[in-house]
Amino acid sequence: MTLATLDKTRSIGSRVGVRPRAVAVGALALIGTFVVSVFGLGTGDFEIAPVDVVTTLFGEGNPAHEFIIGELRLPRLITAILVGAAMAASGAVFQSLVRNPLGSPDMLGVTNGASTAALAVVILGGTSTQLSIAAVAGGLAATLLVRLIAGRALHGFRFILVGIGMAAILTGISGYLLTRGVQMENARALLWLTGNLDGRDWGQAVPMALVLAVVLPFLLLACGPGLRILEMGDDSASALGVPVSLLRNGALLAAALLISFAAASAGPVLFVALIAPHLAKRMSRAPGPNLLPSIAVGALLLTGADFLAQHALDDQTLPVGVVTGLLGGGYLVWLLTTERRAGRI
Amino acid sequence: MSTTAPTGPAPARPGRRSSVRLLGLLVALAALAAVAVLSIGFGARFLSPGEVWAGLWDPASPSYRIVHEMRLPRTLLGLMVGMGLGLAGAIMQALTRNPLADPGLLGINAGASAAVATAAVFFGVSTFFGYVWFALAGAAIVTAMVYAVGGGRSATPARLALAGAALNATLYSYVSAVLLSDTDSIDRLRFWTVGSLASADFATVERLLPFFAAGLLAGLLVARPLNALSLGDDAARALGARPSLIRVAVIVAVTLLCGSATAACGPIVFIGLLIPHMVRPFTGPDLRWLLPYTAVLAPVLLLGADVLGRVLGSPGELQVGTVTAVLGGPLFLYLVRAAK
């Protein structure tokens, strides 16, 4: 009797259960995000002291500070937090599904689908609303295509290879689209393709928040525990009562939605979806997709990168995608060497 | 899509088998000649094969100038670039024993193009002869990295390809970041970053030639020792080969071929992947046959893609890099699906 109950409590415990390390990682990342936010909100042409930023955030500041923070700086920051969180959640699900730390939506053609569709709209001279819709549709369409072509085995190398092939095809097409535009459009297109947060307002933050509000609970409650079991293998998972193919398709769709909306809001910012879940996993040392820690780390990464992008150079601001691209490159080299030594890549 | 040990000529009737292969090689050469004639013939003004022939040899012919000033350099460049990328892919596949090793997919071409973008924007380099050194350096660094990641036994094809995709993404984002800092270079380099033969002239062809010839020679010379290496290091040593020397030779050859090809016409994917795969059923894994077949058929694909781009895109043209990605991509997906 004791053994059975012990077993049961343990399995329930690890399902709902609280892993202290994971909680600590998530909490630290959230505190970090808050600190970066306060400094980010305070820095700019008009400096505001951190104390004033905090009082303003709690609604006690003076009107000038309220205008600068609430109207000018907060929308961009909120967009960065939400986009970072969405990308990280999407990356965590993808990495868990394909069982490879490099298997993020950036590498598997999903982001390329979003950017190719958006690029077509830029070249045709569409509005920014049309661009966002095209980006979402493109990301979802690319995911669907990869899924259909790859067939049943989602974890296997076939899904990865089909994704990479799709990414290469779409890169070719976007290169062609870039040659069609005139010079100014190209600069705008290239800026969008790099990913940047300049001039983001509530128009970008609100849709992203809505999508997160719907998709995140679904991922956390309906998919998280199942994904953790799925990492043990399909057979074990179905023996344990996980509806394998339903779970996979549901999680894939949710992750594709998140990354497509994120790309529509901020452009296809590279590497957040790749790095954040991997960092979170390394630090929390927990099995499974590590959704909550990943989300917190993703928010920290993108707000931090955007802070650097705005203030690293004195005379100009960089697109945030440049900063994540450079960070990502360094991280990638490190990842390739360490993970290879451990035999995981 | 698996690399098996070389079977060698079948014990029964070995002579007949290699004469079939020789015949096949002749057919491939004929196809190359046909595509070359098409490539010279197609354009704003169509030239019949007879006019092409006259234009090639007879200075008095009305088509002489069109052929010599515009279409012949382009065709020669396509020939060299196709051959280089195909060969580089084939020997990379043999060296890493990884059927997905392609200089485009693994990021080698992207490494060369990142170096060229750096040269163009930060150092104001604008000629092929300036580009090529940077391109070679970029290609060499990425080749070494790819080999470090993919050379061991632990790397599966999918993992190597994924590492390459990530490298590609990094380098691509670097290129766009560099280009963003300078609007003029966006305009200058945007055709080049897609992969295009349109800017070919005789000067480029002449300057590409030494790098290409050295790479081609090195690539073809390693065929036999690479065959030995595919048995494993110990067996190769027993057969008198020197594994580390072979590896260095392959990396040098790949660097020369990919670096110079990319400097001349930008990053092009899939050529080095598809052609070795398509010819392997005829030649088997023996590189002494595989490499010549690849060297002849890869330019057929590249020139064919270029001609198709000119036909489909007329009155302008589709860049050859786009056509190879759009044509080669589905073929790649098919190969992936066909493998279990």
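Where chain A and chain B touch, the contact draws 42 residues from chain A and 40 residues from chain B. The model is a predicted one. On the side of chain B that touches chain A, three helices each supply at least two residues: α6 (157–180), α7 (183–194) and α14 (320–338). The largest share comes from α6(B), with 17 residues. Sorted by class, this side of chain B has 25 nonpolar residues, 11 polar residues and 4 charged residues.

The nonpolar core can be taken next. The largest nonpolar core has 240 residues, and the members that touch the most others are Ala86(A), Ile164(A), Leu258(A) and Ile91(B). Helix α4 of chain A, residues 63–98, gives the most to this core, namely 19 residues. Ile164(A), one of the members that touch the most others, has contacts in both chains once its neighbours within four places in sequence are left aside. In chain A the partners of Ile164(A) are Met107(A) and Leu108(A). In chain B they are Leu105(B), Ala161(B), Leu162(B) and Ala165(B).

Chain B can now be considered by itself. It holds 14 helices and 0 strands, so its pattern along the sequence is written α-α-α-α-α-α-α-α-α-α-α-α-α-α. Chain B has 340 residues, of which 56% count as buried. Among its contacts between residues at least 6 apart in sequence, 76% join residues that are at least 24 apart.

One pair of helices in chain B shows how two such elements meet. Helix α3 of chain B covers residues 64–96 and helix α12 of chain B covers residues 271–283; their axes come within 7 Å and cross at roughly 70°. Angles of 65 to 115 degrees count as roughly perpendicular, and α3(B) and α12(B) are therefore roughly perpendicular to each other. The crossing of α3(B) past α12(B) is right-handed. From α3(B), the residues that take part are Gly82(B), Leu85(B), Gly86(B), Ala88(B), Gly89(B), Ala90(B) and Gln93(B). They meet Ile271(B), Gly272(B), Leu273(B), Ile275(B) and Pro276(B) of α12(B). The residues of this contact divide into 7 nonpolar, 5 polar and no charged.

Just before α12 in sequence, chain B has a loop that follows α11 (243–265), and Phe270(B) is placed in this loop. Phe270(B) is not a glycine, yet its phi is positive, at about 80°. Most residues other than glycine have a negative phi. Phe270(B) is also buried, because 28 other C-beta atoms lie within 10 Å, and 20 or more are enough for a residue to count as buried.

Chain A has a residue that can be described in similar terms. Phe271(A) is found in the loop between α11 (244–266) and α12 (272–284) of chain A. The phi of Phe271(A) is near 80°, a positive value in a residue other than glycine. Phe271(A) counts as buried because it has 29 C-beta neighbours inside 10 Å.

Chain A also offers a helix pair to look at. The axes of helix α3 of chain A, residues 50–57, and α4(A) come within 10 Å and cross at roughly 80°. That makes α3(A) roughly perpendicular to α4(A). In this contact, Asp52(A), Val53(A) and Thr56(A) of α3(A) meet His65(A), Glu66(A) and Ile69(A) of α4(A). By class, the contact has 2 nonpolar, 2 polar and 2 charged residues. The helix α4 in this pair is also the one that gives the most to the largest nonpolar core.

Two single residues of chain A complete the tour. Asp306(A) lies in helix α13 of chain A, residues 291–311. Asp306(A) counts as buried because it has 31 C-beta neighbours inside 10 Å. Leaving aside neighbours within four places in sequence, Asp306(A) is in contact with Ala80(A), Leu197(A) and Val320(A). Its C-alpha atom is separated by 21 Å from that of Phe67(A), and the two residues are 239 residues apart along the chain.

Gly125(A) is found in the loop between α5 (110–123) and α6 (128–150) of chain A. Gly125(A) is exposed, because it has 9 other C-beta atoms within 10 Å, and 12 or fewer count as exposed. Gly125(A) and Gly226(A) are 101 residues apart along the chain, and their C-alpha atoms are separated by 44 Å.

Technical notes
Residues numbered from 1 in each chain as written. Chains lettered and ligands numbered in written order. Predicted model: local features only at pLDDT ≥ 70, side-chain atom pairs only at ≥ 80, totals over all residues. Contact = placed C-beta atoms within 7 Å. Helix = DSSP H or I, 4+ residues; strand = E, 2+ residues; numbered from the N terminus. Nonpolar A, V, L, I, M, F, W, Y, C, P; charged D, E, K, R; others polar. Core = buried A, V, L, I, M, F, W, Y, C linked by C-beta atoms within 7 Å. Axes fitted to C-alpha atoms, helices over the stretch in contact; angles between N-to-C directions. Parallel < 35°, antiparallel > 145°, perpendicular 65-115°, else oblique. Left-handed = near helix turned anticlockwise from the far one by under 90°.
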